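Grab a pencil and work through these exercises with the structure open beside you. Try each task yourself before you read the solution.

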Amino acid sequence: MSAAGDRLQDTARQAALALPGVSHGRPFTPGLDVYKAAGKVFLIVTDDPDEQIITVKCEPEHARAQVRGYASIAPGRYLD
């Protein structure tokens, strides 16, 4: 667990909930916060302190560029 990971997860949650029409739930498992817009998942945040992960859905080309540009970014487990 890291303070930076906690801050990143908190920031992601707050930013998602500040968007209009966003819903939040745990439809897959109790350890995953799932955020949807227009019924579509766009953000998943883990509750596991040993795996502080956020998964953000984005265009494939943008995702590949982020993976190439930042060592801490990896392809999402739950989203293509």
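Before we start, one term: a residue is buried when its relative accessible area is under 20%, exposed when it is over 50%, and partly exposed in between. Keep in mind, too, that this is a predicted model.

**Exercise 1. Sort Arg 26 and Asp 33 into buried, partly exposed or exposed, then find what joins their side chains.**

Step 1. Start with Arg 26: its relative accessibility is 39%, so this residue counts as partly exposed.

Step 2. Now Asp 33, which has a relative accessibility of 4% and therefore counts as buried.

Step 3. Look at where the two side chains meet: Asp 33 and Arg 26 form a salt bridge, at 2.9 Å from N to O. As background, side chains of opposite charge can pair when their charged atoms come close.

**Exercise 2. Which salt bridges does Asp 47 form with Arg 13 and Arg 26, and which parts of the chain do they link?**

Step 1. Take Arg 13 to begin with. Its closest approach to Asp 47 is 2.8 Å between N and O atoms, and the two form a salt bridge.

Step 2. Place both partners: Asp 47 sits in the loop between β3 and β4 (54–56), while Arg 13 belongs to helix α1, so this pair ties together parts that are 34 residues apart in sequence.

Step 3. Check how covered they are. Asp 47 is partly exposed at 36% relative accessibility, whereas Arg 13 is buried at 17%.

Step 4. Turn to Arg 26. Asp 47 forms a salt bridge with this residue as well, with the closest N and O atoms 2.4 Å apart. Here the loop between β3 and β4, home of Asp 47, is linked to the loop between β1 (22–25) and β2 (32–37), home of Arg 26, and the two residues are 21 apart.

Step 5. Put the pieces together: Asp 10, Arg 13, Arg 26, Asp 33 and Asp 47 are linked in a network of salt bridges. Across the whole structure, the search turns up five salt bridges.

**Exercise 3. Work out how β3 pairs with β2 and β4.**

Step 1. Follow β2 and β3: they pair in the antiparallel sense, over six bridges. One spot to look at is Lys 36, which stands opposite Val 41 in β3.

Step 2. Find the turn. β2 and β3 make a hairpin with two residues between them, and Ala 38 in that turn has a positive phi of about 55 degrees.

Step 3. Go to the other partner: β3 and β4 run antiparallel too, joined by three bridges. Here Val 45 stands opposite Ile 54 in β4.

Step 4. See how covered the strand is: five of the seven residues of β3 are buried. Thr 46, found in this strand, is buried, with a relative accessible area of 9%. Beyond its neighbours within four places in sequence, Thr 46 has contacts that include Gln 9, Arg 13 and Leu 32.

**Exercise 4. Which residues make up the largest nonpolar core, and which elements give two or more of them?**

Step 1. List the members: Ala 12, Ala 16, Val 22, Tyr 35, Leu 43 and Val 45, six residues in all.

Step 2. Match them to elements. α1 (3–18) and β3 (40–46) are the ones that give two or more residues to this core.

Step 3. Zoom in on Ala 12. Leaving out neighbours within four places in sequence, Ala 12 is in contact with Leu 43 and Ile 54.

Step 4. Connect this to a broader pattern: in soluble globular proteins, nonpolar side chains tend to be buried together.

**Exercise 5. Find the nonpolar surface patch that contains Tyr 70.**

Step 1. Locate Tyr 70 in the segment after α2 (60–69).

Step 2. Classify it: Tyr 70 has a relative accessible area of 47%, so it is partly exposed.

Step 3. Add the other members. Val 67, Tyr 70 and Ile 73 form the patch, with about 240 Å² of accessible area together.

Technical notes. Residues numbered from 1 in each chain as written. Predicted model: local features only at pLDDT ≥ 70, side-chain atom pairs only at ≥ 80, totals over all residues. Heavy atoms only, no water. Core = buried A, V, L, I, M, F, W, Y, C linked by side-chain atoms within 4.5 Å. Buried < 20%, exposed > 50% of the residue type's maximum accessible area, 1.4 Å probe, protein only. Helix = DSSP H or I, 4+ residues; strand = E, 2+ residues; numbered from the N terminus. Contact = heavy atoms within 4.5 Å. Salt bridge = Lys/Arg side-chain N within 4 Å of Asp/Glu carboxyl O. Pairing = 2+ DSSP bridges. Patch = residues over 30% accessible without salt bridge, like charges linked within 9 Å, V, L, I, M, F, W, Y side chains within 5 Å. Areas by Shrake-Rupley, 256 points an atom, 1.4 Å probe, with all protein chains shown as cover.
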